[in-house]
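Work through these exercises with the structure open beside you. Try each task before you read its solution.

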Amino acid sequence: MINKFGKVMVYVKDPQAVADFWTEKIGFTEVGQQEMNNQVLSIELAPNETSDCHLVLFNRAIVEEMSGGISLETPSILFGSYDIDTMRSDLIAKGVTVGEIMEMSSRTFNFADVEGNYFAVEEINS
């Protein structure tokens, strides 16, 4: 039985560059880092100190060597924001590639990290 959903693994070419994107552009906090053979293996990030779910950026090349055959595709991740209009405007001001706000079951938009991986944000209605 699964009792907790805590981490999403994303395989990237340059974990430090991608971590810098998430901390500087999105506002995440680095909560940990692992090294292997004097290289960054992974960097763990969270949107805030109380978040139950973390994003773990793994060095794609190291994972390919250790675990051939696993899927290294970026998962489709949907984040939530109470104010997507301000978030989207802030990302544009920081030079982040963002999509238009779409009206579906909720208002959503997407953005790309420095390696071209896209993620979505939906408006949280409280």
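**Exercise 1. Find which elements the buried residues of α3 pack against, and explain where on the helix these residues sit.**

Solution. This is a predicted model, so keep that in mind throughout.

Step 1. List the buried residues. In α3 they are I84, R88 and L91.

Step 2. Locate them around the axis. They cover an arc of only 65°, so they lie on the same side of α3.

Step 3. Recall the helix rule. An α-helix has 3.6 residues a turn, so residues three or four places apart point the same way.

Step 4. Name the partners. The buried residues of α3 pack against α1, β5 (78-81), β7 and β8.

Step 5. Look past the helix. G95 follows α3, and its phi is positive, near 80°.

**Exercise 2. Work out which side chains of β8 are buried and which are not.**

Solution.

Step 1. Start from the general pattern. In a regular strand the side chains alternate between the two faces of the sheet.

Step 2. Take one face. F119, V121 and E123 point there, and they are buried.

Step 3. Take the other face. Y118, A120 and E122 point to it, and these are not buried.

Step 4. Move past the strand. N125 lies in the segment after β8. Its relative accessibility is 60%, so N125 counts as exposed, the cut-off being over 50%.

Step 5. Relate N125 to T23. In sequence the two are 102 residues apart. In space, their C-alpha atoms are 25 Å apart.

**Exercise 3. State how β8 pairs with β5 and with β7.**

Solution.

Step 1. Begin with β5. It runs parallel to β8, and four bridges join the two. Opposite A120 in β8 stands L78.

Step 2. Turn to β7. Here the pairing with β8 is antiparallel, over five bridges. T108 has E122 in β8 as its bridge partner.

Step 3. Inspect the connection. β7 and β8 form a hairpin, with five residues between them. In the turn, G116 has a positive phi of about 85°.

**Exercise 4. Trace the aromatic pairs made by F119, and give their geometry.**

Solution.

Step 1. Note the total. The structure holds ten aromatic pairs.

Step 2. Examine W22 with F119. Their centres are 5.2 Å apart and their planes make an angle of 75°. That is edge-to-face, because the angle is over 60 degrees.

Step 3. Place the two rings. W22 belongs to helix α1 and F119 to strand β8, 97 residues apart, so this pair links distant parts of the chain.

Step 4. Check burial, for which the cut-off is under 20%. W22 has 1% relative accessibility, so it is buried. F119 has 2%, so it is buried too.

Step 5. Examine F111 with F119. This pair is tilted: 5.9 Å centre to centre, 35° between the planes. F111 has a relative accessible area of 0%, so it counts as buried.

Step 6. Widen the view. F21, W22, F28, F79, F111 and F119 form one aromatic cluster.

**Exercise 5. Describe the largest nonpolar core and say which elements build it.**

Solution.

Step 1. Recall the tendency. In soluble globular proteins, nonpolar side chains tend to be buried together.

Step 2. Count. The largest nonpolar core has 22 residues. W22, L55, L57 and F111 have the most contacts inside it.

Step 3. Find the sources. Elements giving two or more residues include β1 (7-12), α1 (15-26), β4 (54-59) and α3 (84-93). The largest share, five residues, comes from α1.

Step 4. Look for another core. A second, separate one has seven residues, among them L41, F58, V63 and L72.

Step 5. Zoom in on L55. Among the residues that L55 touches are V8, V10, W22, F28 and I77.

**Exercise 6. Give the strand order of the open four-stranded sheet and pick out its edges.**

Solution.

Step 1. Write the order. It is β1-β4-β3-β2, with mixed pairing.

Step 2. Find the edges. β1 and β2 (29-36) each pair on one side only, and these are the edge strands.

Step 3. Add the twist. It averages 20° from one strand to the next.

Step 4. Check one pairing. β3 and β4 run antiparallel, joined by four bridges. E44 has V56 in β4 as its bridge partner.

Note on methods
Residues numbered from 1 in each chain as written. Predicted model: local features only at pLDDT ≥ 70, side-chain atom pairs only at ≥ 80, totals over all residues. Heavy atoms only, no water. Core = buried A, V, L, I, M, F, W, Y, C linked by side-chain atoms within 4.5 Å. Buried < 20%, exposed > 50% of the residue type's maximum accessible area, 1.4 Å probe, protein only. Contact = heavy atoms within 4.5 Å. Arc of directions from axis to C-beta. Pairing = 2+ DSSP bridges. Phe/Tyr/Trp six-rings, centres within 6.5 Å; stacked < 30°, edge-to-face > 60°. Axes fitted to C-alpha atoms, helices over the stretch in contact; angles between N-to-C directions.
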